[in-house]
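Hi,

Here is the structure I promised to pass on. Have a look at it first, and then read my notes underneath.

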Amino acid sequence: MNFKLKIWRQAAADKPGAFKEYSVSDVIPEMSFLEMLDHLNEQLVKRGEEPVAFDSDCREGICGTCGLVIDGLAHGSRQGCTTCELRMRHFKDGAAITVEPFRARAFPVIKDLVVDRGAFDRIIQRGGYITTNAGSAPDANAIPVPKQVQEDAMDAAACIGCGACVAACPNASASLFVSAKIAHMALLPQGGPEREQRALGMIEQMDREGFGNCSNHGECEAVCPKEISITNIARMRREFYRAARQAPATRDGK
Amino acid sequence: MSHRDPVRDSQANRMIDIALDSRIPAGPLDQKWDRFKAEAKLVSPANKRKYTIIVVGTGLAGGSAAASLAELGYNVLSFCIQDTPRRAHSVAAQGGINAAKNYQNDGDSVWRLFVDTLKGGDFRSREANVYRLSQTSANIIDQCVSQGVPFAREYGGTLANRSFGGAQVSRTFYARGQTGQQLLLGCYSALMRQVDAGKVTMFPRREMLDLVVVDGKARGIVCRNLVNGKVESYAADAVLLATGGYSTVFFLSTNAVNCNATAVWRCHKRGALFANPCFTQIHPTCVPLLGESQSKLTLMSESLRNDGRVWVPKSKDDKRPPNQIPDGERDYFLERMYPAFGNLVPRDIASRAAKRMCDSGLGVGKTGYAVYLDFADAIKRLGKDTVRDRYGNLFQMYDEITGEDPYSTPMRIYPAPHYTMGGLWVDYGLMSSIPGLHVLGEANFSDHGANRLGASALMQGLADGYFVIPYTLGHYLATSEVLKDKVTTDHPAFKQSVEQVEAATKKLLATSGKATVRDFHWRLGRIMWDDVGMSRTEAGLKGAIEQIRALRAEFWENVNVVGGNDFNKELEFAGRVADFLELGELMARDALDRRESCGGHFREEFQYPDGEAMRDDDNFAYTAAWKYNGADGEETVVKEPLTFDNLKPAKRSYK
């Protein structure tokens, strides 16, 4: 298979970027999208050119490191699939493919297709945890959790933090990511004691990082490689409302 | 059985200049850990905040250690090569985590988990370490549930368990096929809480490139900022290494593409002994190799063997599609050879059996290097919905990769490098042979002997981080007097290390050969797979050593590292491959010296007529810890004898 690639190249965060065109040949259908880029990079290196920088790690769809916008869609057009899981057999031989980084104000480009998603860590720091020091936990079966509750919590907890939801949202909102964590912990009895401050703290930090608001487009759910449901966002709003009524001030008193 | 003389026996009778002290507490096995905790020196709460601890790696071991130490009040500097700690490769573990909870009332106990793990490791691990692991296993589950890890549950709300290879009880806790992810998110959240509390400072996108040793003690690290290329120094009172294993020495493995041995190897070069480098694990249930362009092999959880049946056609000439081969013409070889454990034999046994089948021409698929894993019977017995509940995401993953639907046609699987039991030598307190340098998780060698059982890696990583290092590090700090002579990065040792690291980077960037970094890694991987992989021979290993040396020389003459000293993946990989070209040779050396077969180490010369591993307890019941002797010197081996006072080593039989 052969492809014409239009790839975003940007030397550094403070340098202007532009699309550059490449032809890549001898691609086999079993290759993943990233292996196709590896293959292109090998050809570039052999010509003494600088390879295209992109992030990836596990290459089996679980670490959340990779993330490219392929022909306008975060992680490409396959449903429930990360970029690394996407196979070239889903593309037409000879096709022109446009490759861009995840774009959002809160995700500055580091180089080419690599972005900084540190904002996600800072949101988790503001309450995306259950306080339980090592050694202080009761027996694991002390608090029964109904199977359905656990399943629902697991559905939300499956988020891999890739940021595709932000890249797909016209508002660059992080609502799906934030709501998945809030829902995961709000559903479980263990998350109860910090439920209010978690919702308030994480949402406040999301706003501070420069993510936009949710206006129910649903693009996030459509591109999510783990098919996290948008109903989590409804739950997040309910959690926020509930928390704001009960505890009007966040921990910082702001 | 006692092997008290470390210089006795074997052709590898080299000079010993270090005595290894494993510092195992005295007393009965089941009291050793309690005794250690009771007698350990403590650091008072007011003094803990005076200490700075460096933790490299944020997987289950590093993340849990960093969080737990910060909870205790230490100042922690946490480093990872990923853009965020939540992506460390523990995230990819699928099947589950073992714990001796006996929630199933099926006869499990601390003792039984200890026995299974020691036997599973083919009696090449320390009794005391394995027993402690088994003891702490139950606390791990408590801790994780308390953090909000959504483990699978029964309808009544209690926790569910599944069975796993190498055990006859159901003691494995799981969160669908994403147990590693959920456990990692648990410890990541604990870590983030400590960042918010100001006790942990995170340094993502940093690669540790050197250990700084001052007056014989580990006092800091030098690392490269992967975003801007700057070399940075950090000083501390102790350094914890939790940087994972070295399976990517094979190039194709189930590990993430950024997994590497560089941090471990650089510590080895600074004096930390490297134990049992030849003990590597080849996992039986992986998607077979599809082509040369492949960047990694994908593992599918061993839990698939709970309900899947492994088979090949009885006849070499049977090229019919699998569904057209009648039951009577299939060889369910694991069930035939190991009736007691069937498809649930340990990984090394299952992998070797599959290889034997393929080597004898019975393999299936395009390449002939695959066997079937069939769910037809399970679907008949349980229904498609139950099978989907249990393995849905794995089936989907397989389908995405191969384009085949495992609900209607059997999966094809083949073994792939997956885990390394070998690693830096540590004592009972997880301290390496360099005082102050502690090594946790897969990066150390301590608990799995020559073969790790499924669902035990997560257990060990979290045991080390949550429940072992908080006690043993405190004891080290309280007895080592590091507070009295605080070291800063102005110390000449840091300056010297920075210069070395910068020179090494310059040397790589100055190359202008014809071959790419990937070319060398691929070629090294082929050598390792062919001769230092699932099956090893004296001639093959000797040949591998020659080939690796030649390849290493060629690397420095003919590699081409393009780009500059900024964000440069080629440069990162070049450094890692350079280290693998040294480590690979040591793995072959160790495999050559160990003239027996045990666990994942199979020497063709040492097998029973039925093809089973022939262990040699009289001569090889020891840990081989290798000492680096400079670029021009040969590594020398130091032996730590293994004694078995509680469980008599027996031939490992799963028949």
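Let me start with a spot in chain A: E227(A) lies in the loop between α7 (219-223) and α8 of that chain. Please keep in mind throughout that this is a predicted model. What caught my eye about E227(A) is its positive phi of about 50 degrees, although it is not a glycine. For background, most residues other than glycine have a negative phi. Is E227(A) buried, exposed or partly exposed? It counts as partly exposed, because it has 13 C-beta neighbours inside 10 Å, and the buried label needs 20 or more.

Chain B has a residue to set beside it. N276(B) is not a glycine either, and its phi is positive too, near 45 degrees. You'll find N276(B) in the loop between β10 (274-275) and β11 (280-286) of chain B. With 30 C-beta neighbours inside 10 Å, N276(B) counts as buried.

Now for chain A as a whole. It contains eight helices and seven strands, and its C-alpha trace spans about 60 × 40 × 35 Å along the principal axes. Of the 254 residues in chain A, 54% are buried. If you take the contacts in chain A between residues at least 6 apart in sequence, 72% of them join residues at least 24 apart.

Helix α8(A) is worth following, since two helix pairs involve it. One partner is α5(A): helix α5 (residues 175-187) and helix α8 (residues 231-246) of chain A have axes that come within 8 Å and cross at roughly 70 degrees. How do α5(A) and α8(A) lie relative to each other? An angle from 65 to 115 degrees counts as roughly perpendicular, and therefore that is the label for α5(A) and α8(A). Their crossing is left-handed. On the α5(A) side, the residues that meet α8(A) include L176(A), V178(A), I182(A) and A186(A); on the α8(A) side, I233(A), R235(A) and M236(A) are among them. By class, this contact has eight nonpolar, three polar and two charged residues.

The other partner is helix α6 (residues 195-208) of chain A, which packs on α8(A) at an angle of about 110 degrees with the axes 8 Å apart. So α6(A) and α8(A) are also roughly perpendicular to each other. From α6(A) the contact uses E196(A), A199(A), L200(A) and I203(A), and from α8(A) it uses E239(A), F240(A), A243(A), A244(A) and Q246(A). Those residues divide into six nonpolar, one polar and two charged. E239(A) is worth a click, as it appears in the contact with α5(A) and in the contact with α6(A).

Next, where the chains meet. In total, 64 residues of chain A are in contact with 63 residues of chain B. Which parts of chain A supply at least two residues each to the side that touches chain B? They are α1 (33-46), β6 (109-111), α2 (118-125), α3 (147-157) and α5 of chain A. The most comes from α1(A), with six residues. By class, this side of chain A has 28 nonpolar, 17 polar and 19 charged residues.

On to the interior. The largest nonpolar core has 295 residues, and L240(B), L241(B), V371(B) and L424(B) have the most contacts inside it. Helix α17 (residues 569-593) of chain B gives the largest share of this core, 13 residues. Beyond its neighbours within four places in sequence, L241(B) has contacts that include V56(B), A263(B), V264(B), L424(B) and L437(B).

Two last loop residues in chain B. G600(B) is in the loop between α17 and α18 (617-620) of chain B. With 33 other C-beta atoms within 10 Å, G600(B) is buried. Leaving aside neighbours within four places in sequence, it is in contact with F279(B), T280(B), Q281(B), I282(B), D348(B), M421(B), A450(B) and N451(B). I325(B) is in the loop between β12 (309-313) and β13 (330-331) of chain B. It is buried as well, with 20 other C-beta atoms within 10 Å, and 20 is enough for that label. With the same neighbours left aside, I325(B) is in contact with P313(B), D318(B), R320(B) and R330(B).

Cheers

Note on methods
Residues are numbered from 1 along each chain as its sequence is written. Chains are lettered from A and ligands numbered from 1 in the order in which they are written. This is a predicted model: local features need pLDDT of at least 70, side-chain atom pairs count only at pLDDT 80 or more; totals for chains, interfaces and linings use all residues. Axes are lines fitted to C-alpha atoms, for helices over the stretch in contact, and angles run from 0 to 180 degrees between N-to-C directions. Helices (H or I, at least four residues) and strands (E, at least two) are DSSP runs, numbered from the N terminus. Angles under 35 degrees count as roughly parallel, over 145 as roughly antiparallel, 65 to 115 as roughly perpendicular and the rest as oblique. A crossing is left-handed if the near helix is turned anticlockwise from the far one by less than a right angle, and right-handed if clockwise. Two residues are in contact if their C-beta atoms, placed from the backbone, lie within 7 Å. Ala, Val, Leu, Ile, Met, Phe, Trp, Tyr, Cys and Pro count as nonpolar, Asp, Glu, Lys and Arg as charged, and the others, Gly among them, as polar. A nonpolar core is a set of buried Ala, Val, Leu, Ile, Met, Phe, Trp, Tyr and Cys residues joined through C-beta atoms within 7 Å. A residue is buried if 20 or more other C-beta atoms lie within 10 Å of its own, exposed if 12 or fewer, and partly exposed in between; C-beta atoms are placed from the backbone.
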